Amino acid sequence: MVKADNQDVHTDLAQALQEFWDEYAGIRPARVRVVSGEGAIVVWLEDVLSPAERQMAGTQEGGKMLQELEERILEQARPQLQKLVESAAGQESTLSEIHLDVQNGRVLGFFQLS
């Protein structure tokens, strides 16, 4: 099990997530945070929207369209994200929830470890 004080695992996973998002979405997150506890890992990617996406998110209609698009993108990315967490944690995981806040440009994901 991943321990909360296992900084190497957190650092490795944060770097892997940052590189993945850069390759997958074309935007390198400004910062990635990883927190783990009893049977769970939480990841938080900051500044994941392009300048055009941020501008689009500034309107109600654009924000809604962007949210729908990003939800589809995140759904497609689920298997790869789960594999990154499993590789770093050294055990199977389930991606319980992932969400993009288009207003703040942040992705938040919750993984349960098996």
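Select Q67 and show its contacts. Beyond the residues up to four places away in sequence, Q67 touches H99, L100 and V102. This is a predicted model. Q67 sits in helix α3, residues 60-89. Buried or exposed: how does Q67 count? Q67 is buried, because its relative accessible area is 16%, and the cut-off for buried is under 20%.

**Stop two: L49**

Go next to L49, in the loop between β2 and α2. L49 counts as buried because its relative accessibility is 3%. Now show what surrounds L49. Leaving aside neighbours within four places in sequence, L49 is in contact with I27, R54, L66, E70, L100, V102 and G105. L100 and V102 also appeared among the contacts of Q67. For a distance check, pick the C-alpha atoms of L49 and E86. They are separated by 26 Å, and the two residues are 37 residues apart along the chain.

**Stop three: D47**

Stay in the loop between β2 and α2 (51-57) and select D47. Check its backbone. D47 is not a glycine, yet it has a positive phi of about 55°. Most residues other than glycine have a negative phi. D47 counts as partly exposed because its relative accessibility is 43%.

**Stop four: the hairpin and its sheet partners**

Select β1, residues 31-37, together with β2. The two strands run antiparallel and are joined by seven bridges. At one of the pairings, G37 has A40 of β2 as its bridge partner. How many residues lie between the strands of this hairpin? There are two. In this hairpin, G39 takes a positive phi near 75°.

Add β4 to the selection. Seven bridges join β2 to β4, and these strands run antiparallel. Find L45, which stands opposite V107 in β4. Keep both residues coloured for the cavity stop.

**Stop five: the nonpolar core**

Select W21, V34, I41, V43 and V107. These are the residues with the most contacts inside the largest nonpolar core, which has 27 residues. Which elements give two or more residues to this core? They are α1, β1, β2, α3, β3 (93-101) and β4. Helix α3 gives the largest share, six residues. In soluble globular proteins, nonpolar side chains tend to be buried together.

Centre on V34 and list its contacts. Not counting residues up to four places away in sequence, V34 touches H10, L13, A14, L17, I41, V42 and V43. Of these, I41 and V43 are also listed with the most contacts inside the core.

**Stop six: the cavity**

Look for enclosed space. There is one cavity of 30 Å³ or more. About 40 Å³ of space lies in the largest cavity. Select its lining: L17, W21, V43, L45, L81, I98, V107 and F111. Colour the lining by element. Those giving two or more residues are α1 (7-25), β2 (40-46) and β4 (106-113). Now colour by class. The lining has eight nonpolar residues, no polar ones and no charged ones. L45 and V107, the pair from the strand stop, are both in this lining.

**Last stop: N6**

Finish at N6, in the segment before α1. N6 counts as partly exposed because its relative accessibility is 28%. Draw a line from N6 to V35, C-alpha to C-alpha. The line spans 9.6 Å in space, although N6 and V35 are 29 residues apart in sequence.

How values were computed:
Residues are numbered from 1 along each chain as its sequence is written. This is a predicted model: local features need pLDDT of at least 70, side-chain atom pairs count only at pLDDT 80 or more; totals for chains, interfaces and linings use all residues. Side-chain values use heavy atoms; hydrogens and water are left out. On a 1 Å grid over the protein atoms alone, a cavity is a set of points where a 1.4 Å probe fits but cannot get out, and a pocket is an open set with protein on both sides within 12 Å along at least five of seven lines; lining residues have an atom within 4 Å of a point. Grid points are joined across faces, edges and corners, and a volume is the space filled by probe spheres set on the points. Helices (H or I, at least four residues) and strands (E, at least two) are DSSP runs, numbered from the N terminus. Ala, Val, Leu, Ile, Met, Phe, Trp, Tyr, Cys and Pro count as nonpolar, Asp, Glu, Lys and Arg as charged, and the others, Gly among them, as polar. Buried means under 20% relative accessible area, exposed over 50%, partly exposed in between (1.4 Å probe, protein chains only). Contact means heavy atoms within 4.5 Å. Two strands pair if DSSP finds at least two bridges between them. A nonpolar core is a set of buried Ala, Val, Leu, Ile, Met, Phe, Trp, Tyr and Cys residues joined through side-chain atoms within 4.5 Å.
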